[in-house]
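Welcome, and please load the model in your viewer. We will begin with the whole chain and then select two residues in turn.

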Amino acid sequence: MQAEPPYHDLKESIMTLLSGHSADSRGENSEWDRDAALTTARLLLEIKAVNFRPEDPYTLTSGWKSPVYIDCRRIIFFPRARAKIVELGVEKIGRHVGYESLEAVVGGETAGIPFAAWMADRMLLPMAYVRKKPKGFGRNAQIEGDVPEGMRTLLVEDLTTDGGSKIQFANALRKAGALINHAFVVFYYGVFPGAQDTLAQMDVTLHSLCTWWDVLEACSTRPYFSEEAAAEVRRFLEDPCGWSARHGGVGSMEEAIAFKANKDK
């Protein structure tokens, strides 16, 4: 049986990877945000929502190839984990948006719906969901529940890679009359180009609990990955566009947009 790599070598490998990235590049804003990010990362690791498959890379929704994948849908199966993650999400929105600054919560079809429902319940706000494509006719053809017309609305999804679906959902909500300036996700890849910049150009601020950098930092205290796995994750995070292109995926934001548009036809 192959021996496990020495733990101190694995920890050193991960911390070396993290050392070149500033707090801002990993979304650090306060001590509370850092604690929330690491708590979320540890929960995702504990429920095995973090998947690693470098020999057969995952194809993400916008065409990016990745050796790692976060399955946030697993959260719904674990009551204690999901309760803590929802609690942190609601607190994060309260701290960074305001406790009385929103009037409705809308989930993105499909993975965002349960998270939107749980957050809306804790925030005592009405909840609806937005479809990927219209069904029927009229202004509310893409929204189920009710149209939050004129209401300050939070868009909720489970995760984002490059922000493509958030743009689509935000445009649909605005077309229906909602006031949408904030989006929340449990997990933000934090490596592919364009997500925050594109949303910022639409005056939408993206809020997330944790990123891949936080997952790797959580791994520094416990060997969830082998040393070989950590090395491959390092190569991916240092050059995600190049890694994706070398493994048959899109290699730029422009290619990702074209891939998504062709897929949605």
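Show the whole protein chain: among its contacts between residues at least 6 apart in sequence, 69% join residues at least 24 apart, where contact means heavy atoms within 4.5 Å. This is a predicted model, in which local features need pLDDT of at least 70 and side-chain atom pairs count only at pLDDT 80 or more, while totals for chains, interfaces and linings use all residues. Residues are numbered from 1 along each chain as its sequence is written, and side-chain values use heavy atoms, leaving out hydrogens and water.

Now switch to the cartoon. The protein chain has ten helices and ten strands; these are DSSP runs (helices: H or I, at least four residues; strands: E, at least two), numbered from the N terminus.

Next, turn on the surface. About 12900 Å² of the protein chain is accessible, and 50% of that belongs to carbon and sulfur atoms (Shrake-Rupley method, 1.4 Å probe; for residues, only the protein chains shown count as cover).

Select Gln-142, in the loop between β6 (127-130) and β7 (143-144). Is Gln-142 buried or exposed? Gln-142 is buried, at a relative accessible area of 15% (buried is under 20%, exposed over 50%, partly exposed in between, with a 1.4 Å probe and protein chains only). Leaving out residues up to four places away in sequence, Gln-142 touches several residues, including Tyr-129, Pro-134 and Ala-172.

Finally, go to Arg-80 in helix α3 (residues 79-96). Arg-80 counts as exposed, at 75% relative accessibility. Add Leu-43, 37 residues away along the chain: the two C-alpha atoms are separated by 9.6 Å.
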